[in-house]
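Please open the model in your viewer with the cartoon shown and side chains ready to be switched on. The stops below are meant to be taken in order, each with something to select and something to look for.

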Amino acid sequence: MEGIFHEKQEGSLCAQHCLNVLLQGEYFTPVDLAALARQIDEQERQTMAEGGVNSDDYRLFMHQPSGNLDDSGYFSVQVIASALKVWGLDIVPYSSSDPVAQAAQADPTQQQAYICNYKDHWFTVRRLGGHWFNLNSLLPGPEPISSTYLALFLVQLQQEGYSIFVVVGALPECQADRAPTSEERQLQEALQKSLLDVTSQQQQQQLSEDEMLQAALRLSMEPS
């Protein structure tokens with residue numbers, strides 16, 4: 001798991017953590033997300049104003065707190081989607097009839113990442129270097145998920161009430177997702193062989209010492 005970018009939970013900034021671990025870098029701050037939330041608030045206000053600024057619906061809307069952010073640091077799915085659009089990415093509800101969602105349901109391992117939400121908490125599940133990881137900011141670090149367990153893991157999240165979104169688009173390149181070169185694989189194999197050789201030598205040395213001890217004991221027990 002070396003090289004995987006991970007952010008641990010700070011306050012209620014799980015949306016920020018979710019986005020940054022998805023993109024594998026410190027790409028968004030709370031200030032960035034708050035600015036996006038205010039833009040969405042203004043767009044929603046303009047839409048409501050089309051029905052008349054003196055209407056009861058508009059007045060009620062203006063007296064309600066923002067649904068896109070709050071003082072705790074929570075951000076809505078609209079803010080998440082808006083932040084991802086900056087990188088040319090989109091999200092599709094996993095349980096929808098969208099072709100992308102249907103393909104993900106048939107074989108979740110063929111996708112590149114999922115964003116999961118339950119109440120005020122967001123976290124990312126992503127494939128890195130050919131392996132799947134739970135990048136939940138509540139965890140001390142990235143938690144591996146086997147490809148065979150991924151589908152069951154997503155079903156379990158749904159049963160717990162989570163909303164799951166499939167991430168669509170090309171994620172930015174990152175070190176953790178880079179496949180090892182042939183030279184690096186050869187080096188890893190050489191290191192593993194070297195470790196095995198050292199272990200074997202240590203075992204043989206230990207065996208020789210044991211044999212010497214047994215021989216000394218036998219000699220000491222022989223009559224003089």
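Before the first selection, one definition is needed: two strands are said to pair if DSSP finds at least two bridges between them. Please also keep in mind that this is a predicted model.

**Stop 1: the hairpin of strand 2 and strand 3**

Select strand 2, residues 113-118, together with strand 3, residues 121-128; the two run antiparallel and are joined by 6 bridges. In the turn of this hairpin, which has 2 residues between the strands, look at Lys-119, whose phi is positive and near 55°. Within the ladder, Asn-117 has Trp-122 of strand 3 as its bridge partner, and Tyr-114 stands opposite Val-125 of strand 3.

How much of strand 2 is buried? Of its 6 residues, 5 are buried, so strand 2 is largely enclosed by the rest of the structure. Strand 3 is mostly covered as well, with 7 of its 8 residues buried.

**Stop 2: the strands on either side**

Now add strand 6, residues 163-168, which pairs with strand 2 in the antiparallel sense over 4 bridges. Tyr-114 is a useful residue to label here, since its bridge partner in strand 6 is Val-166, while in strand 3 it stands opposite Val-125.

Next add strand 4, which pairs with strand 3, again in the antiparallel sense and over 4 bridges. Arg-127 stands opposite Trp-132 of strand 4, and in the hairpin of strand 3 and strand 4, which has 2 residues between the strands, Gly-129 takes a positive phi near 60°.

**Stop 3: the annotated site**

Select Cys-14, His-121 and Asn-136, which an unreviewed UniProt entry lists under "active site". Although these three span 123 residues in sequence, no two of their C-alpha atoms are more than 9.5 Å apart, so they gather at one spot.

Start with Cys-14, which is found in helix 1, residues 14-23. Is Cys-14 buried or exposed? Its relative accessibility is 2%, and because buried means under 20%, Cys-14 counts as buried. Leaving aside neighbours within four places in sequence, the residues in contact with Cys-14 are Gln-9, Asp-120, His-121, Trp-122 and Ser-137.

Move on to Asn-136, which is found in the loop between strand 4 (131-134) and strand 5 (143-145). Asn-136 is also buried, with a relative accessible area of 9%. Not counting residues up to four places away in sequence, Asn-136 touches His-6, His-121, Phe-123 and Thr-124. If you show side chains for Asn-136 and His-121, you will find a polar contact between them at 2.9 Å.

**Stop 4: the cysteines**

With Cys-14 still displayed, add Cys-18 and Cys-116, and ask how many disulfides a search of the whole structure finds. The search finds 0. Cys-14 is in no disulfide, and the nearest cysteine sulfur to it, that of Cys-18, is 7.7 Å away. Cys-116 is likewise in no disulfide, and here too the nearest cysteine sulfur is that of Cys-18, at 7.9 Å. Cys-116 is buried, with a relative accessible area of 0%.

**Stop 5: helix 4**

Select helix 4, residues 77-85, and show the side chains of Val-79, Ile-80, Ala-81, Ala-83 and Leu-84, which are buried. What do these buried residues of helix 4 pack against? They pack against helix 1, helix 2, strand 1, strand 2 and strand 3, so that the hairpin from the opening stop can be brought back into view here.

**Stop 6: aromatic rings**

Finally, show the aromatic side chains, among which the structure holds 7 aromatic pairs. In one of these, the rings of Tyr-27 and Trp-87 have their centres 4.8 Å apart and their planes at 80°, so the pair is edge-to-face. Tyr-27 lies in the loop between helix 1 and helix 2, and Trp-87 in the loop between helix 4 and strand 1, so the pair ties together parts that are 60 residues apart in sequence. Tyr-27 counts as partly exposed at 32% relative accessibility, and Trp-87 is partly exposed with a relative accessible area of 33%.

To finish, select Tyr-94, Tyr-114 and Trp-132, which ring pairs link into a cluster. Two of its residues were met earlier: Tyr-114 as the bridge partner of Val-166 in strand 6, and Trp-132 as the residue of strand 4 opposite Arg-127.

How values were computed:
Residues are numbered from 1 along each chain as its sequence is written. This is a predicted model: local features need pLDDT of at least 70, side-chain atom pairs count only at pLDDT 80 or more; totals for chains, interfaces and linings use all residues. Side-chain values use heavy atoms; hydrogens and water are left out. UniProt positions are given in the numbering used here, feature names are shortened, and annotations may be inferred rather than shown by experiment. Buried means under 20% relative accessible area, exposed over 50%, partly exposed in between (1.4 Å probe, protein chains only). Contact means heavy atoms within 4.5 Å. A polar contact is a pair of N or O atoms within 3.5 Å; within protein, one must be able to donate a hydrogen and the other to accept it, and residues adjacent in sequence count only if both atoms are side-chain atoms. Rings of Phe, Tyr and Trp (its six-membered ring) pair if their centres lie within 6.5 Å; planes under 30 degrees apart count as stacked, over 60 as edge-to-face and the rest as tilted. A disulfide is a pair of cysteine sulfur atoms within 2.5 Å.
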